[in-house]
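Here is a short briefing to read alongside the sequence and the 3D view. Take the topics in any order you like.

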Amino acid sequence: RGKNGAAELRREPLELSALAAGRLRALVARAAVPFNSGDSDHRAALARLWTAAFPRDLPSEGGPSERWKDMGWQGKDPATDFRGGGVLGLDNLIGLHTHFPRTFAALLHKTRGSRAEIEYPFAVAGVNISFQLMTMLGLRDPALVAALTEGADNGSGTGVDNGGAQPAEPGGAVVPAHAAPEELHAFAEALSVPGPHGARALDSLYAFTFEALDSKWLLSQDVMEFNATLAQAVAVTNAALVARDDHSLRFTDIVS
């Protein structure tokens with residue numbers, strides 16, 4: 001059996017169109033970037049997140065403040081909480097607000113259901129979700145990185161350890177079977193959709209998983225069991241991806 005107790009699924013090479021490969025390359029590159037508090041672009045992104053979370057407050061330059069704790073960071077400087085999520089964890093939180101603002105507000109302010117006296121921390125939960133999705137999709141798998149890099153470098157790509165398979169178009173890529181879980185096959189389909197739906201496929205998957213976490217949390221509301229609750233939410237996303245559930249791949253900003 002595989003992750004989250006699911007049956008082991010097929011592993012076949014994944015052929016990516018130029019559009020899907022380009023989008024996946026961008027995500028893989030971003031997933032490799034650690035958060036750097038000394039990087040002005042990273043601090044500027046934190047400032048945008050501050051404005052999203054605290055629109056009535058004075059603007060921030062992304063520096064330390066006790067106010068960050070109200071968003072669910074463990075300390076006064078979010079830089080200490082990114083760890084495994086890296087810059088992509090920050091991107092995902094900003095993307096949640098940009099593309100799904102009502103969902104962002106509902107999750108941040110815990111406005112749905114009967115809430116616990118002690119709640120899970122929104123921001124830290126978001127970073128954990130980013131890490132789980134990166135792991136599920138293998139965005140840091142060296143074999144995936146190599147296949148995408150080769151396809152980009154030679155314009156037509158031969159993939160890596162894929163039996164000589166070649167992508168059908170320049171700029172595409174062939175990901176070897178051992179680096180292409182079923183979840184990545186499904187995600188690649190979403191990336192292949194032209195226009196905004198395909199461009200924000202990870203944002204949609206992230207929002208779907210965050211919603212699943214909040215729903216599972218309402219059933220337990222036990223901080224000590226947060227990791228188990230998060231695992232349950234990730235399992236919901238995993239199952240939805242494998243089933244090609246359109247709601248997970250094209251999440252809509254609807255808050256009940």
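**Around Arg244 and helix α10**

Arg244 is partly exposed, with a relative accessible area of 27%. Please keep in mind that this is a predicted model. The points below start from Arg244 and its salt bridge partner, then move on to helices, rings and charges.

**Arg244 and its partner**

- Arg244 comes just after α10 and takes a positive phi of about 55°.
- The side chain of Arg244 meets that of Glu182 in a salt bridge, at 2.8 Å from N to O. This pair links distant parts of the chain, since Glu182 belongs to helix α7 and Arg244 to the loop between α10 and α11, 62 residues apart.
- Unlike the partly exposed Arg244, Glu182 counts as buried, because its relative accessibility is 9% and the cut-off for buried is under 20%.

**Helix α10**

- How does the span of α10 agree with 1.5 Å a residue? The 17 residues of α10 should span 24 Å, and the end C-alpha atoms are indeed 24 Å apart, so the two agree.
- The buried residues of α10 are Phe226, Thr229, Leu230, Ala233, Val234, Thr237, Asn238, Ala240 and Leu241.
- The cover over these buried residues includes α5, α7 (182-191), α9 and α11 (246-249). Of these, α7 is also where Glu182, the partner of Arg244, is found.
- Thr229 is a good residue to click on: it lies in α10, which runs over residues 226-242. Its relative accessible area is 2%, so Thr229 is buried.
- Leaving aside residues up to four places away in sequence, Thr229 touches Leu213, Lys216, Trp217 and Ser220.

**Helix α4**

- In α4 (residues 101-109), the buried residues are Thr103, Phe104, Ala106, Leu107 and Leu108.
- What covers them includes α2 (40-53), α3 (86-99), α5 (122-137) and α9 (201-220). Helices α5 and α9 also appear among the elements covering the buried residues of α10.
- Just past the end of α4, Lys110 has a positive phi of about 55°.
- The charged end of Lys110 is placed over the ring of Tyr120, 4.4 Å from the ring centre.

**Aromatic pairs**

- How many aromatic pairs does the structure hold? There are 10.
- One of them joins Phe35 and Phe82, which are stacked, with 4.6 Å centre to centre and 25° between the planes. It links distant parts of the chain: Phe35 sits in the loop between α1 (18-31) and α2, while Phe82 sits in the loop between α2 and α3, 47 residues apart.
- Are Phe35 and Phe82 buried or exposed? Both are buried.
- Tyr206 and Phe210 form an edge-to-face pair, at 5.7 Å centre to centre and with 90° between the planes. Both residues lie in helix α9, 4 residues apart, which is about one turn of the helix.
- Tyr206 and Phe210 are also both buried.
- Ring pairs connect Phe104, Phe122, Tyr206 and Phe210 into a cluster. Phe104 is one of the buried residues of α4.

**Salt bridges**

- Side chains of opposite charge can pair when their charged atoms come close.
- The count for this structure comes to 12 salt bridges.
- One of them brings together the side chains of Asp77 and Arg43, at 3.2 Å from N to O. Asp77 is in the loop between α2 and α3 and Arg43 is in helix α2, 34 residues apart, and the pair links distant parts of the chain.
- Asp77 counts as buried because its relative accessibility is 16%. Arg43, at 14% relative accessibility, counts as buried too.
- Arg67 and Asp70 meet through their side chains in another salt bridge, at 2.8 Å from N to O.
- Where do the two stand on exposure? Arg67 has a relative accessible area of 30% and is partly exposed, whereas Asp70 counts as exposed at 51% relative accessibility. The cut-off for exposed is over 50%.
- Asp57, Arg67 and Asp70 are joined in a network of salt bridges.

Methods
Residues are numbered from 1 along each chain as its sequence is written. This is a predicted model: local features need pLDDT of at least 70, side-chain atom pairs count only at pLDDT 80 or more; totals for chains, interfaces and linings use all residues. Side-chain values use heavy atoms; hydrogens and water are left out. Helices (H or I, at least four residues) and strands (E, at least two) are DSSP runs, numbered from the N terminus. Buried means under 20% relative accessible area, exposed over 50%, partly exposed in between (1.4 Å probe, protein chains only). Contact means heavy atoms within 4.5 Å. The expected span of a helix is 1.5 Å times one less than its number of residues. Rings of Phe, Tyr and Trp (its six-membered ring) pair if their centres lie within 6.5 Å; planes under 30 degrees apart count as stacked, over 60 as edge-to-face and the rest as tilted. A charge sits over a ring if NZ of Lys or CZ of Arg is within 6 Å of the ring centre and within 35 degrees of the ring normal. A salt bridge is a side-chain nitrogen of Lys or Arg within 4 Å of a carboxyl oxygen of Asp or Glu.
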